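Thanks for coming. I have one structure to go through today, and I will keep to its main parts.

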Amino acid sequence: MSVKFYGGVEGGATKTKFVLVSSGGKIVGRSEGEGTNQYLIGVDECIKRVSNLVRAGLQDAGLPQDTVLEGLGMSLSGGDEKPVQLLITATVKQDYPSLTRHVFVGSDTQSALASALPHGGVVLIAGTGSNCQLINPDGTMARCGGWGHLIGDEASAIWISLRAVKILFDHEDNFELCQHSTVALKDTIYNHFNIQNQAGMLDHLYSHFDKAYFSGLCKELANVGLEKADPLCCQIFREAGHLLAKHLYGISGKMNKDLKTREGGLPVVCVGSVFKSWQLLEEGFAQEMHSKAAETGIHEVTLLSLNAEASIGAAALGARSAGQDLPIDYSKNSTVFYHSTF
């Protein structure tokens with residue numbers, strides 16, 4: 001039997017990763033490129049970039065450029081909604097018929113989950129933004145969050161950064177006084193943005209707002225919390241921990257019972273840089289889970305971090321669209337970093 005190849009795309013707003021996997025489950029090629037969020041660049045440009053990544057992956061694998069993939073899984077930021085998925089699928093088949101025989105299109109959360117939990121679970125993202133996606137064993141899904149920093153992104157790096165600035169400004173304006181000292185918080189914010197007063201913040205908030213740069217404040221706040229145990233910074237991350245748990249509360253009513261009663265409890269794949277500060281998040285998360293356990297029916301949780309690229313999960317989804325299951329040892333793709341009962 002000839003070897004078949006499957007592609008997996010993990011597409012973000014700023015960067016996209018591609019892996020090429022053989023039917024034996026071995027990664028044979030990789031490539032990276034620009035962001036592929038169709039809301040930012042349009043569907044045509046999105047698929048053009050994906051095609052270029054596939055060709056670069058084939059070159060990396062030493063395969064002919066006219067190799068047709070058996071299945072291509074695209075897990076994309078901006079790929080959540082069914083009409084978008086149908087449009088991307090149709091565009092691939094019409095404009096790039098020699099790219100792949102079968103196509104899967106889904107959200108960027110789905111590849112992370114498929115990398116570690118092929119039989120369902122939850123993926124909780126807290127990076128620059130935040131999102132939470134449930135996929136039940138029967139394939140039904142539910143979502144909480146992922147609506148952007150203007151109305152959401154709770155517990156993400158941008159939320160933590162904006163929350164810190166809000167607390168400081170409210171205190172400085174005598175609008176809502178903080179119970180903790182704001183000295184360390186103020187120094188961290190002023191140093192990060194290189195400003196001398198509150199007015200200097202306006203440029204960063206409005207005319208030159210840069211979400212990625214603004215979110216970078218979160219890492220510095222975490223350092224102050226971890227290294228100096230600053231009470232105010234610790235409080236902000238504790239609040240974020242509560243909000244991470246609230247995402248699970250949001251989807252709990254749509255979870256299949258067997259997910260909640262699985263060995264180890266509800267499995268949650270956690271993705272994003274905010275989880276690097278789990279020491280600061282844990283208390284708030286545990287408090288919220290305890291307080292809502294009776295309502296959610298979630299009495300045990302296992303949180304996992306990915307060891308493998310989420311694009312591998314996308315390749316597995318692409319193979320599944322072709323009616324194949326890749327022989328992947330999913331147990332090696334994640335590590336437990338937190339387990340508790342409530």
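**Two sheets and two helices**

Valine 123 stands opposite glutamine 133 in strand 7. I start with that pair as a way into the sheet around it. One thing to keep in mind throughout is that this is a predicted model.

Glutamine 133 is the partner in strand 7, and strand 7 covers residues 130–135. Strand 7 pairs with strand 6, residues 121–126, over six bridges in the antiparallel sense. Both belong to an open sheet of six strands, with the order 8-7-6-9-10-11 and mixed pairing. Which strands stand at the edges? They are strand 8, residues 141–145, and strand 11. Each has a single partner strand, so one side of each is left without a neighbour in the sheet. From one strand to the next, the twist averages 20 degrees. Helix 12 packs on this sheet, where it touches strand 10 and strand 11. The direction of helix 12 makes about 45 degrees with that of strand 11.

Let me stay with helix 12. It runs over residues 278–296, which is 19 residues. A straight helix would reach 27 Å at 1.5 Å a residue, but the end C-alpha atoms of helix 12 are only 22 Å apart. Helix 12 also has a kink of about 35 degrees, centred on histidine 290. Its buried residues include Trp278, Leu281, Phe285 and Met289. What do the buried residues of helix 12 pack against? The partners are helix 9 (217–228), helix 10 (231–252), helix 11 (257–260), strand 10 (300–306) and strand 11 (334–341). After helix 12 comes glycine 297, with a positive phi near 75 degrees.

Helix 2 is the other helix I want to show. Helix 2 takes in residues 43–61 and has 19 residues. From its first C-alpha to its last it reaches 27 Å, close to the 27 Å expected at 1.5 Å a residue. Among the buried residues of helix 2 are Val43, Ile47, Val50, Val54 and Leu58, as well as Arg49 and Arg55. Their cover includes strand 1, strand 2, strand 3, helix 1 (38–41), strand 4 and helix 3. Helix 2 is followed by glycine 62, and the phi of glycine 62 is positive, near 75 degrees.

Now the other sheet. It is open, with five strands in the order 3-2-1-4-5 and mixed pairing. At its edges are strand 3 (27–34) and strand 5 (103–107); each has a single partner strand, so one side of each lacks a neighbour in the sheet. On average, neighbouring strands here are turned by 15 degrees against each other, direction ignored. Strand 2, residues 15–22, runs antiparallel to strand 3, and seven bridges join them. In that pair, lysine 15 stands opposite glutamate 34. Helix 3 (residues 82–95) packs on this sheet, touching strand 4 (71–76) and strand 5, and its direction makes about 150 degrees with that of strand 5. Helix 4 (residues 108–116) packs there too, touching strand 1 (5–11), strand 4 and strand 5; the angle between its direction and that of strand 5 is about 105 degrees.

Last, the domains. How is the protein chain divided? Domain 1 is 5–106 + 307–328, and domain 2 is 120–306. Their C-alpha centres lie 30 Å apart. In contact across them are five residues of domain 1 and four residues of domain 2.

Terms used. Residues are numbered from 1 along each chain as its sequence is written. This is a predicted model: local features need pLDDT of at least 70, side-chain atom pairs count only at pLDDT 80 or more; totals for chains, interfaces and linings use all residues. Side-chain values use heavy atoms; hydrogens and water are left out. Two strands pair if DSSP finds at least two bridges between them. Helices (H or I, at least four residues) and strands (E, at least two) are DSSP runs, numbered from the N terminus. Axes are lines fitted to C-alpha atoms, for helices over the stretch in contact, and angles run from 0 to 180 degrees between N-to-C directions. Contact means heavy atoms within 4.5 Å. The expected span of a helix is 1.5 Å times one less than its number of residues. The bend at a residue is the angle between axes fitted to the seven residues ending there and the seven starting there. Buried means under 20% relative accessible area, exposed over 50%, partly exposed in between (1.4 Å probe, protein chains only). Domain bounds come from an automatic or database domain assignment.
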